Amino acid sequence: DKPRWNGTTRCEACNQNLRDSVARLCERRIAAGKCSRCGDHVLVPGYRQCQPCIDQGRKLHAARKLEVLDAYGGPVCGGCGETEVAVLQMDHINGGGHAHAVELGKGNVARGRGKMYKWLRDNNFPPGFRVLCSNCNIRAARGIPFPNESSSQS
C-alpha cells in the first residue's frame, strides 16, 4: 500500500531493507574469505571479489564506456583527436565533474567516477558532456586552449 520507490517494485523502506540484507550477506562472504559478489571463489588480496568477478566487472565497465563514447560522437578526443580509449574520458562541459562524482559515489570520488558511464546511459545521454582525453580534460579545467584550433575553448 506504500508508493513504489524510484521505479522499483518495492517501497523505499523495503528497498532499504533489501540493500541492508545484501550488504550483510557480502560482509559474511568476505569474512569467510569468499567473493562478495558470487560467494563461490577465494578473494583476490586487496579486493572484495574473486578474479572472475573482477574480470566480468571490467568487461562491463569497458562496454559501458564504449557505449557512452559512441553516444557522444565516438571514441575520439574533441580537443586533439586522440583515439586511445584507455585515455578518453567524459568531460562536464560547464564544469562540476568533481562535485558530480562526489554525488554519484556518495562522498567517494573514485567510486563516483567509476559510476559516471552508467549514470550517463541511465539518464539517456544528457547534453552538457563531451569526450576528451585526459590531457585535454585538464586543459579544459584550467582554461588552456586545445591543440585543435577548431575545438579550442573560448
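Me: Before we get to methionine 90, what does "contact" mean here?
Reply: Keep in mind that we're looking at a predicted model. Two residues are in contact when they have heavy atoms within 4.5 Å.

Me: Leaving aside its neighbours within four places in sequence, which residues is methionine 90 in contact with?
Reply: We skip anything within four places of methionine 90 in sequence. That leaves Val68, Leu69, Tyr72, Tyr117, Leu120, Phe129, Arg130, Val131 and Asn137.

Me: Which residues have the most contacts inside the largest nonpolar core?
Reply: That core has 17 residues. Met90 turns up here again, as those with the most contacts inside the core are Tyr72, Met90 and Leu120.

Me: Which element gives the largest share of this core?
Reply: Helix H2 (51-71), strand E1 (88-92), helix H4 (109-122), strand E2 (129-133) and helix H5 (134-142) are the elements giving two or more residues to the core. The largest share is four residues, and it comes from E2.

Me: Stepping back, what pattern does the chain follow along the sequence?
Reply: There are five helices and two strands to place. Read along the sequence, they come out as α-α-β-α-α-β-α.

Me: Is the chain more spread out or less spread out than a compact globule?
Reply: For 154 residues the globule rule gives 15 Å. The chain's radius of gyration is 19 Å, well over that, so the chain is more spread out.

Me: How far apart do the centres of the positive and negative side chains lie?
Reply: The chain has 23 positive side chains and 14 negative ones. Take the centre of each set, and the two lie apart by 6 Å.

Conventions. Residues numbered from 1 in each chain as written. Predicted model: local features only at pLDDT ≥ 70, side-chain atom pairs only at ≥ 80, totals over all residues. Heavy atoms only, no water. Rg over C-alpha atoms; globule rule 2.2 N^0.38 Å. Lys, Arg positive; Asp, Glu negative; His and termini not counted. Charge placed at Lys NZ, Arg CZ, Asp CG, Glu CD. Core = buried A, V, L, I, M, F, W, Y, C linked by side-chain atoms within 4.5 Å. Buried < 20%, exposed > 50% of the residue type's maximum accessible area, 1.4 Å probe, protein only.
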